[in-house]
Amino acid sequence: MAGISTHVLDTDRGRPAAGVRIVLSVLDGETWRLVRSAVTNADGRTDAPILPADEARTGQYELVFHVGDYFRQRPGTAEADIFIDDPVVRFAIFDARQHYHVPMLCAPASFTTYRGS
């Protein structure tokens, strides 16, 4: 399996984050060009890889996780609690034959990511 996949976990509540919009862009010269966007399902995942294997190319990529909207709609979260609203993760694909999984673990005041499997 190659391409790019992702998922979003609400670490504040210990469950998947459903309904989070994720935007994937690729660096084209000096400009970020939109590739596609997707919304997480009930399992906090996109229904398909955000970049299928047959579309994967080497280059610089950017994922924007619109978790601010998710937290604003979540009961019990005040606007003042949201410190980080739309974290951006930039990364490189050096071998398009490999799979790149970029999970987002988030809470209203923090986020973390890593290259998963």
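This passage walks through a small sheet and then the salt bridges of the structure shown above. The model is predicted, and everything below should be read with that in mind.

A good place to begin is the sheet. Four strands, in the order 3-2-9-10, make up an open sheet, and their pairing is mixed. At its edges lie strand 3 (15-16) and strand 10 (110-113), each of which pairs on one side only. Strand 9, covering residues 104-107, runs antiparallel to strand 10, and 4 bridges join the two. One residue helps to find this pairing in the structure: C106 has F111, in strand 10, as its bridge partner.

Attention can now turn to the charged side chains. The count of salt bridges comes to 9. Among them is the contact between R74 and D12, whose side chains meet with an N to O distance of 2.7 Å. This pair links distant parts of the chain: R74 sits in the loop between helix 1 (67-73) and strand 7 (88-93), whereas D12 sits in the loop between strand 2 (8-10) and strand 3, and the two residues are 62 residues apart. How accessible are the two partners? R74 has a relative accessibility of 9% and therefore counts as buried, because the buried class takes in values under 20%. D12, with a relative accessible area of 45%, is partly exposed. The pair also belongs to a wider group, since D10, D12 and R74 are linked in a network of salt bridges.

A second salt bridge joins R36 to E55, with the closest N and O atoms 3.0 Å apart. R36 belongs to strand 5 (residues 31-39) and E55 to the loop between strand 5 and strand 6 (59-66), so this contact ties together parts that are 19 residues apart in sequence. Are these partners buried or partly exposed? R36 counts as partly exposed at 25% relative accessibility. E55 is partly exposed too, with a relative accessible area of 34%.

One further contact completes this tour. The side chains of E79 and R72 meet in a salt bridge, at 3.0 Å from N to O. Here R72 is partly exposed, because its relative accessibility is 38%, a value that falls between the 20% and 50% limits.

Terms used. Residues numbered from 1 in each chain as written. Predicted model: local features only at pLDDT ≥ 70, side-chain atom pairs only at ≥ 80, totals over all residues. Heavy atoms only, no water. Pairing = 2+ DSSP bridges. Salt bridge = Lys/Arg side-chain N within 4 Å of Asp/Glu carboxyl O. Buried < 20%, exposed > 50% of the residue type's maximum accessible area, 1.4 Å probe, protein only.
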